[in-house]
Structures are given as structure tokens and as C-alpha cells.
Amino acid sequence: MPSDHEKDAYPQPPRQTPVVDRQTALPNPTLILAKLFYYSVDVPVTTFRDAIDSIRGKNKPVFYHQKFRRVPDLTECRQGDYLCYYESEMQWRRDYKVDQEILKVVKERMRACKTREGPSFQQNCAPEMKLFNEVTQNYALRYADLGAYASGRRCLMKQKERMMAAQAQSA
């Protein structure tokens, strides 16, 4: 900074701030109550919570990404193994929900691209539209026409009928 700067352009703030003139010699009761609450309630609760968090911090449960092991498909279950049937059905339901979410995400990406690109979306959003069509076709092949009471067994029967129709066409 040059030594010949103009001091009047940026005036300095006053050096001394005014002192608060107290009217009474008694302490402020609000401050006393705040300190009383802080030391009697806040400090013990915070200390206790920090102690518990340090104990639980070592083995924190992760609840938002539960990982299930893959179970055998219905075709791999032995006849009369009802536990295997149930596990397979639950696996199918999880897969069904995952496929629904994948479809939602791809659809939302395509809608966002259409909104972003405006009138020229067919040219600029071709990869998103192609992916959406592919995902929709796969979803429809697997889950369409299952009805309101869709299950893993019905889906397997639909797949079997589709395979038999493809064999009949090729023969």
C-alpha cells in the first residue's frame, strides 16, 4: 500500500467503544438462570451422550443399506422345501422393487433431459431415450401381465411360456 494514500477517503472507526452504564450493582438474573441451566442440565446430558456415542461409534449399525445374500431361485428349490420357496419369493419381491426403482430413475433422467433440452430433445436426449426404451422393454418382458397378485412363481411360469413360444417359433 502506498504511503501517500488519502486518509480522508476511508475514515477510521472510533478507537474507544462506549462503556455500558449499569444502573444497578446486582447481577442479571437471566444470566444466572442460563448458567444454572447450562451446568445442571446441558453439561451432564451432553457428557452422557458423548460417552454413549463413543461406545456405539465402534460398531455403528448401518440401517439404510441392508445387504441380503442371494438365495436359490425357485427352479433350484427341492420339492416340498417351503422355506426355500419363501426365501425365493422374498428375493423375487426385492428384485421386483429394485427393478421398479431402476425404471423410475431412468424415467426421471429422461424427463430431466427433455426439460433441459426443450424442443431439440429428440436429437440431444437420444441416449437417455434409448436406455429408457430398453429398460421399459426388459421390465415389461419380465413383469407385464402378472396381474395384481404377482409372485415369483407366476413370473417363472411366464418366463417358461415365453421360452416355449420362442422354441416353437424357431422350430
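The exercises below work through the fold, the helices and several single residues of this structure, which is a predicted model.

**Exercise 1. Describe the overall make-up of the chain: how many helices and strands does the chain have, and what share of the residues counts as buried?**

Begin with the secondary structure: the chain has 5 helices and 0 strands, and from the N terminus on the elements run α-α-α-α-α. Turn next to burial, where 14% of the 171 residues count as buried. The chain exposes about 15,700 Å², and carbon and sulfur atoms supply 57% of that area. Finally, consider the contacts with a separation of 6 or more, of which 49% are accounted for by residues 24 or more positions apart.

**Exercise 2. Check the length of helix 2 against its expected span, and work out which elements help to cover its buried residues.**

Helix 2 covers residues 82–117 and has 36 residues, which at 1.5 Å a residue should span 52 Å. Because the end C-alpha atoms are 52 Å apart, the model agrees with the expectation. Just after the helix comes Gly-118, whose phi is positive, near 75 degrees.

For the second part, list the buried residues of helix 2, which include Cys-84, Trp-92, Asp-95, Leu-103, Val-106, Met-110 and Cys-113. What covers the buried residues of this helix includes helix 3 (121–124), helix 4 (126–143) and helix 5 (152–170).

**Exercise 3. Identify the residues of the largest nonpolar core, and state which elements give two or more residues to it.**

The largest nonpolar core has 10 residues in all, namely Trp-92, Leu-103, Val-106, Met-110, Phe-132, Val-135, Tyr-139, Tyr-143, Leu-146 and Cys-155. The elements that give two or more residues to this core are helix 2 and helix 4.

Now follow one member outwards: leaving aside residues up to four places away in sequence, Tyr-143 touches Trp-92, Asp-95, Tyr-96, Asp-99 and Lys-158. Among these partners, Trp-92 is itself part of the core.

**Exercise 4. Compare three charged residues, Arg-69, Asp-95 and Asp-145: where does each lie, and is each buried or exposed?**

Take Arg-69 to start with, which is found in the loop between helix 1 (29–56) and helix 2. Its relative accessibility is 55%, and because the cut-off for exposed is over 50%, Arg-69 counts as exposed. Arg-69 nevertheless touches Glu-87, Gln-91 and Arg-94, not counting residues up to four places away in sequence. For the pair Arg-69 and Gln-91, which are 22 residues apart along the chain, the C-alpha atoms are separated by 9.1 Å.

Asp-95, by contrast, is found in helix 2. With 15% relative accessibility, and because buried means under 20%, Asp-95 counts as buried. Beyond residues up to four places away in sequence, Asp-95 touches Arg-70, Arg-142 and Tyr-143.

Asp-145 has its place in the loop between helix 4 and helix 5, and its relative accessible area of 79% makes it exposed. The backbone here deserves a look as well, since phi of Asp-145 is near 65 degrees, a positive value in a residue other than glycine.

**Exercise 5. Find which residues make the nonpolar surface patch of about 270 Å², and relate their positions to helix geometry.**

The patch is made by Phe-37, Val-41 and Val-45, and Phe-37 lies in helix 1. To reason about such a spacing, recall that an α-helix has 3.6 residues a turn, so residues three or four places apart point the same way.

Terms used
Residues are numbered from 1 along each chain as its sequence is written. This is a predicted model: local features need pLDDT of at least 70, side-chain atom pairs count only at pLDDT 80 or more; totals for chains, interfaces and linings use all residues. Side-chain values use heavy atoms; hydrogens and water are left out. Helices (H or I, at least four residues) and strands (E, at least two) are DSSP runs, numbered from the N terminus. Buried means under 20% relative accessible area, exposed over 50%, partly exposed in between (1.4 Å probe, protein chains only). Contact means heavy atoms within 4.5 Å. The expected span of a helix is 1.5 Å times one less than its number of residues. Patches are made of residues with over 30% relative accessible area and no salt bridge: like charges are joined within 9 Å, nonpolar side chains (Val, Leu, Ile, Met, Phe, Trp, Tyr) within 5 Å. Accessible areas come from the Shrake-Rupley method with a 1.4 Å probe; for residues, only the protein chains shown count as cover. A salt bridge is a side-chain nitrogen of Lys or Arg within 4 Å of a carboxyl oxygen of Asp or Glu. A nonpolar core is a set of buried Ala, Val, Leu, Ile, Met, Phe, Trp, Tyr and Cys residues joined through side-chain atoms within 4.5 Å.
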